[in-house]
Amino acid sequence: MRARVGAALLGAAVLAAACGPPTPSVYLIGNSLTRDTVPARLDGQVAWHIACGKSLPWILAHPDVSCVDDATLWPEALAATQYDVLVVQPHPGSTLAEDADAIATWMALQPGAAVVVHTGWAPADAIGSEFAAVATSGRMTHSPAWVEALMAELRRRFPEREVRRTRAMDLLAQAERDAASGAAPFDDVRALYRDRLHMSAGAGRYLMHNALRQALGAAPRRDGFALDPELQRYLDGLLARGA
């Protein structure tokens with residue numbers, strides 16, 4: 001009898017190991033720069049509220065507005081499901097305090113969720129200047145100083161909660177430096193954009209989708225983006241730097 005029980009427990013352990021850790025459920029709130037992370041290609045239970053060109057305080061104040069047909073609006077989503085991870089994307093136009101207030105409202109509705117701040121990124125012609133900005137008292141900029149100050153404020157308000165971020169803006173800043181030095185397989189970081197603001201359907205979205213996966217602790221996804229092999233190798237190496 002003891003042997004049979006031991007064998008059953010061993011079998012269960014082997015099955016659990018084979019299946020790996022459970023896939024977290026994820027809810028995302030942001031605009032088209034969140035859309036460019038291709039959240040639909042994440043694993044497990046995933047939903048989102050996307051309001052194109054809008055800041056987090058605006059989305060909080062207009063809970064019934066989305067620019068995509070496949071959205072699950074945040075009042076419905078956050079009431080119906082307790083997610084493992086809440087992903088939020090600040091956007092230029094709001095202050096740090098305004099963003100912290102909006103995020104805190106959603107965190108209170110999701111007391112068990114870790115928080116990932118999706119940094120978004122600057123327009124193609126402003127990557128370096130925004131990334132280097134050090135001010136945190138004005139409107140949002142895509143800079144480590146601003147994003148890390150926001151994260152510090154969220155941790156101050158919710159000391160028991162896990163708060164981390166994507167490296168989206170960092171990766172583009174590095175790609176711009178690599179292009180300038182000849183270390184990238186393109187001459188201009190605009191090769192990763194489809195217009196001044198948004199990522200290309202192939203390389204840009206590949207980079208941002210896997211940056212989001214990285215922040216979620218998920219394995220990278222390399223299929224389905226139809227990339228040139230040299231460019232894909234570069235992007236994989238870029239993601240691995242500083243990870």
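**A sheet, its helices and their salt bridges**

In this predicted model, Arg165 is buried, its relative accessible area being 17%. That value falls under 20%, so Arg165 counts as buried. Its partner is Glu148: the two side chains meet in a salt bridge, with N and O 3.5 Å apart. Because Arg165 belongs to strand β5 and Glu148 to helix α7, the pair ties together parts that lie 17 residues apart in sequence. Glu148 has a relative accessible area of 41% and is partly exposed, so here a buried residue is joined to a partly exposed one.

The strand that holds Arg165 is part of a wider arrangement. Five strands form an open sheet, in the order β2-β1-β3-β4-β5, and their pairing is parallel. At the edges are β2 (46-50) and β5 (163-165), each of which pairs on one side only. From one strand to the next, the twist averages 20°. Further along the sheet, β1 (residues 26-30) runs parallel to β2, and 5 bridges join the two. Within this pairing, Leu28 of β1 stands opposite Trp48 in β2. Helix α7 (residues 144-157) packs on the sheet, where it touches β4 (114-117) and β5; the direction of α7 makes about 165° with that of β5.

How far apart are the end C-alpha atoms of α7, and does this distance agree or disagree with what the 14 residues should span? The helix should span 20 Å at 1.5 Å a residue, and its end C-alpha atoms are indeed 20 Å apart, so the two values agree. Some residues of α7 are buried, namely Pro144, Trp146, Val147, Leu150, Met151, Glu153 and Leu154. A helix repeats every 3.6 residues, so residues three or four places apart point the same way. The cover over the buried residues of α7 includes α5 (96-109), β4, α6 (127-131), β5 and α8. Glu153, one of these buried residues, also takes part in a network of salt bridges together with Asp101, Arg156 and Arg157.

Helix α9 (residues 203-216) also has 14 residues, and it reaches 20 Å from its first C-alpha to its last, close to the 20 Å expected at 1.5 Å a residue. Is α9 largely enclosed or largely open? Of its 14 residues, 12 are buried, so the rest of the structure largely encloses this helix. Among the buried residues are Tyr206, Leu207, Met208, His209 and Asn210, as well as Arg213 and Leu216. They pack against strands β1, β3 (85-88), β4 and β5, and against helices α8 and α10. Just after α9 comes Gly217, whose phi is positive, near 75°.

Salt bridges appear elsewhere too, and the structure holds 17 of them. One joins Arg241 to Asp178, with the closest N and O atoms 2.6 Å apart. Why does this pair tie together parts that are 63 residues apart in sequence? Arg241 lies in the segment after α10 (229-240), whereas Asp178 lies in helix α8 (residues 168-181), so the bridge connects these two parts. Asp178 is buried, with a relative accessible area of 5%, while Arg241 is partly exposed at 38%. Another salt bridge is formed by the side chains of Arg221 and Asp223, at 3.2 Å from N to O. Both partners are partly exposed, with relative accessible areas of 24% for Arg221 and 42% for Asp223.

The last residue to visit is Asn31, found in the loop between β1 and α2 (32-35). Is Asn31 buried or exposed? Its relative accessible area is 0%, so Asn31 is buried. Which side chains make polar contacts with the side chain of Asn31? One belongs to Gln89, at 2.8 Å, and another to His91, at 3.1 Å. Leaving aside neighbours within four places in sequence, Asn31 is in contact with Ile50, Ala51, Cys52, Gly53 and Lys54, and with Gln89 and His91 as well. Of these contacts, Ile50 falls within the range of the edge strand β2 (46-50).

Notes: Residues are numbered from 1 along each chain as its sequence is written. This is a predicted model: local features need pLDDT of at least 70, side-chain atom pairs count only at pLDDT 80 or more; totals for chains, interfaces and linings use all residues. Side-chain values use heavy atoms; hydrogens and water are left out. Two strands pair if DSSP finds at least two bridges between them. Helices (H or I, at least four residues) and strands (E, at least two) are DSSP runs, numbered from the N terminus. Axes are lines fitted to C-alpha atoms, for helices over the stretch in contact, and angles run from 0 to 180 degrees between N-to-C directions. Contact means heavy atoms within 4.5 Å. A salt bridge is a side-chain nitrogen of Lys or Arg within 4 Å of a carboxyl oxygen of Asp or Glu. Buried means under 20% relative accessible area, exposed over 50%, partly exposed in between (1.4 Å probe, protein chains only). The expected span of a helix is 1.5 Å times one less than its number of residues. A polar contact is a pair of N or O atoms within 3.5 Å; within protein, one must be able to donate a hydrogen and the other to accept it, and residues adjacent in sequence count only if both atoms are side-chain atoms.
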